[in-house]
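The exercises below invite you to read a protein model step by step, each with a task and a worked solution. Keep the sequence and the 3D view open beside you as you work.

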Amino acid sequence: MTPMFVPGPVDVSPEVLAAQARPMLPHRSKEFEAIFQRTEEKARKLFATQRPVFQATASGSGMQEAGIRNFVVQDVLCCVNGAFSQRWFDVALCNGKNAEILAVEYGEAISPNLLETALKKKHYEAVTIVHNETSTGVENPLVELCAAVRQTSPDTLVLVDAVSSLGGVKIEMDAWGIDFMLTSSQKCLALPPGLSLAAASERAMKKAETVPNRGWYFDLMLMEKHRLKDSTPMTPAMALIFALDVQLDRILEEGLENRFARHAVMAGRVQKWAEDQDMPPLAPPGVRSKTVTSLVNKRGFAVAELNKFLLARGMRVANGYGPLKEKNFRIAHMGETQLEDIEALLVAIEEFCS
Ligand SMILES: *Cc1c(COP(=O)(O)O)cnc(C)c1O
């Protein structure tokens with residue numbers, strides 16, 4: 001397997017890939033319902049929630065849309081500090097909502113004080129927060145941001161995108177007061193792309209009842225109705241759910257705490273090395289992502305040249321995202337990646353630079 005240090009789609013273990021090849025079942029069969037139910041139960045552990053976890057045949061952006069369509073009639077505040085938080089804002093606009101931006105520079109984190117100030121000026125039904133900005137390698141201070149919303153505007157729903165962090169970093173949905181949390185399969189969960197998971201708080205589901213035009217495909221009320229029968233409104237992505245079943249076993253077997261520790265160690269190693277090499281992480285200390293680092297390309301090499309060199313050694317990194325292209329390059333340290341993979345990558349990059 002060629003280790004990919006790219007923040008999605010990431011490497012998938014052979015065992016999980018193979019799980020997709022098992023024969024299909026009728027989706028309204030007892031056999032499939034049993035698999036669906038157990039994946040849902042295991043996913044609750046991942047989300048640290050008592051709430052049901054929905055599975056949709058869509059990438060993470062689909063669940064961003066679900067959050068907007070189910071929980072917002074009109075006013076939503078989108079915290080933006082990178083490309084994926086910007087996307088959530090765009091999703092809100094495209095769904096006809098009155099969306100506003102709370103923006104900081106790419107590379108910075110959303111400050112709880114700034115959020116409090118915005119919430120004091122105007123009432124919003126919901127706030128969107130991307131926990132881990134994959135485009136910049138910044139982890140927003142989610143606990144503090146959730147607390148800021150609760151203190152300043154208690155009935156405002158907190159919608160969280162945890163696409164590139166859930167499963168690699170501790171996030172406790174219920175304990176932290178998150179109303180809606182989504183992830184997709186191809187990043188930190190190390191599954192093939194095409195499946196997204198999300199859970200919603202009780203009060204968020206109450207609100208959804210009152211929201212008109214939730215649409216059909218991403219209507220969480222409809223999904224809940226079917227989930228109670230261990231099923232989905234439409235045909236599920238069965239092969240991906242077979243893979244999810246196996247991968248959640250592997251994740252829980254490693255242990256969530258061990259997994260968080262492994263990600264923290266890899267992040268620490270990459271980020272210390274990056275500073276030593278004078279290609280520092282874009283993100284300031286304190287808000288650096290545990291799953292992906294965007295390094296400032298101070299040496300000014302072409303990222304394609306670096307990748308040509310790395311590919312000959314069976315490895316690959318990612319360019320900077322959007323406006324950070326060539327100015328940055330990104331090393332993902334998530335999912336199946338182990339510290340020894342990281343060590344091999346760093347040696348190779350040093351060789352390329354010398
Ligand atoms: C990749 C990513 C998305 C988009 O997810 P898709 O699964 O590609 O739709 C959204 N948010 C974050 C933080 C991401 O990293």
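**Exercise 1. Find which residues of helix 8 are buried, where they sit around the axis, and what they pack against.**

Solution. Start with helix 8 (residues 202-210), in which Ala204, Met205 and Ala208 are buried; buried means under 20% relative accessible area, exposed means over 50%, and partly exposed lies in between, with a 1.4 Å probe and protein chains only. Helices (H or I, at least four residues) and strands (E, at least two) are DSSP runs, numbered from the N terminus. Next, look down the axis: these buried residues cover an arc of only 100 degrees, which puts them on the same side of helix 8, where the arc is that of the directions from the helix axis to the C-beta atoms. Then turn to the other side of helix 8, where Glu202, Lys206, Glu209 and Thr210 are exposed. Finally, follow the buried residues of helix 8 outward to their packing partners, which are strand 2 (53-57), helix 3 (60-71), strand 8 (157-161), strand 10 (195-200) and helix 9; contact here means heavy atoms within 4.5 Å.

A note on the model: it is predicted, and local features need pLDDT of at least 70, side-chain atom pairs count only at pLDDT 80 or more, while totals for chains, interfaces and linings use all residues. Residues are numbered from 1 along each chain as its sequence is written, and side-chain values use heavy atoms, with hydrogens and water left out.

**Exercise 2. Carry out the reading of buried and exposed residues for helix 5.**

Solution. In helix 5 (residues 112-121), begin with the buried residues, which are Leu115, Ala118 and Leu119. Seen down the axis of helix 5, these fall within an arc of 95 degrees, so they line one face of the helix. On the other side of helix 5 you will find Asn113, Lys120 and Lys121 exposed. The cover over the buried residues of helix 5 includes strand 3 (75-80), strand 4 (98-103), strand 5 (126-130) and helix 6 (142-152).

**Exercise 3. Compare the span of helix 13 with its expected span, and describe its buried side.**

Solution. Helix 13 (residues 339-353) has 15 residues and reaches 21 Å from its first C-alpha to its last, which is close to the 21 Å expected at 1.5 Å a residue; the expected span is 1.5 Å times one less than the number of residues. Its buried residues are Ile342, Leu345, Leu346, Ala348 and Ile349. Around the axis they cover an arc of only 165 degrees, which puts them on the same side of helix 13. The face of helix 13 turned away from this buried side carries the exposed residues Glu340 and Val347. Among the elements that cover the buried residues of helix 13 are strand 1 (4-5), helix 11 (256-276) and helix 12 (303-311).

**Exercise 4. Work out which residues are closest to the ligand, and place threonine 134 in its surroundings.**

Solution. In all, 15 residues surround the ligand, and the closest are Ser59, Ser61, Thr134, Asp161 and Lys187; a residue counts as near if one of its heavy atoms lies within 4 Å. An N or O atom in the side chain of serine 61 is 2.6 Å from an oxygen atom of the ligand, and a polar side-chain atom of threonine 134 lies 2.4 Å from an oxygen atom of the ligand. For lysine 187, the distance from an N or O atom in its side chain to an oxygen atom of the ligand is 2.6 Å. Taken alone the ligand exposes 380 Å², and the protein buries 92% of that, with accessible areas from the Shrake-Rupley method and a 1.4 Å probe; for residues, only the protein chains shown count as cover.

Now take threonine 134 itself, which is in the loop between strand 6 (132-133) and strand 7 (138-139) and is buried, with a relative accessible area of 4%. Leaving aside neighbours within four places in sequence, threonine 134 is in contact with Pro7, Phe84, Ser164, Val292 and Arg330.

**Exercise 5. Locate the cis peptide bond, and say where its proline lies.**

Solution. The peptide bond from glycine 8 to proline 9 is cis, with omega near -10 degrees. Proline 9 has its place in the loop between strand 1 and helix 1 (14-19).

Methods:
A polar contact is a pair of N or O atoms within 3.5 Å; within protein, one must be able to donate a hydrogen and the other to accept it, and residues adjacent in sequence count only if both atoms are side-chain atoms.
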